[in-house]
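Here are a few friendly notes to help you find your way around this fold. Have the view open as you read, and follow the strands one pairing at a time.

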Amino acid sequence: MSVYVHKTKQRLRVRSEYIRHNKDQVIELIEQLNEIDAIKHIKHQCHAGSVAITFDDNELDCESLLEILESHDWLVESSKSSFVESAVIAGTKTLVKGMAGIALSRLVGPSISRVILSV
């Protein structure tokens with residue numbers, strides 16, 4: 001999952017792998033953020049990996065809030081590849097291997113190419 005950030009004048013939503021997989025640390029920061037007077041409401045959806053923060057834009061700006069979240073690793077990109085990325089990589093490897101097999105069998109003959117590709 002890539003990091004998703006949606007900003008409006010008085011609301012910030014962040015969705016990330018970090019939020020989904022680090023529930024205790026996220027809840028701890030949410031409790032600290034709730035102590036800030038400028039923050040009006042925080043909605044945490046753990047299974048979606050999402051946190052929406054409503055705040056008073058006269059007292060707190062979105063960029064400052066993003067800096068706080070970034071300093072707590074909420075915006076760190078996951079290094080794991082997604083299902084689609086893994087499928088594309090596997091499909092590409094299969095395609096390349098198949099094309100190499102066809103080219104090899106035309107070049108040296110089917111029986112010799114099977115021996116070479118089985119290695």
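1. Let's start with strand E1 (residues 4-7) and strand E2 (residues 11-15), which pair in the antiparallel sense over four bridges. Two strands count as paired if DSSP finds at least two bridges between them. Strands (E, at least two residues) and helices (H or I, at least four) are DSSP runs, numbered from the N terminus.

2. A word on the basis: this is a predicted model, in which local features need pLDDT of at least 70 and side-chain atom pairs count only at pLDDT 80 or more, while totals for chains, interfaces and linings use all residues. Residues are numbered from 1 along each chain as its sequence is written, and side-chain values use heavy atoms, with hydrogens and water left out.

3. Back to the first pair: three residues make the hairpin connection from E1 to E2. Within E2, Val14 is the bridge partner of Val5, and Arg15 is that of Tyr4.

4. E2 also runs antiparallel to strand E4 (residues 50-55), joined to E4 by five bridges. Here Arg11 has Thr54 of E4 as its bridge partner.

5. How are the four strands ordered in the open sheet? The order is E1-E2-E4-E3, with antiparallel pairing. E1 and strand E3 (39-45) are at the edges with a single partner strand each, so one side of each has no neighbour in the sheet. From one strand to the next, the twist averages 10 degrees.

6. Now the helices. Helix H2 (residues 23-34) lies across E3 and E4, at about 165 degrees to E3. Helix H3 (residues 62-71) lies across E1, E2, E3 and E4, at about 30 degrees to E2. Angles run from 0 to 180 degrees between N-to-C directions, with axes as lines fitted to C-alpha atoms, for helices over the stretch in contact; contact means heavy atoms within 4.5 Å.
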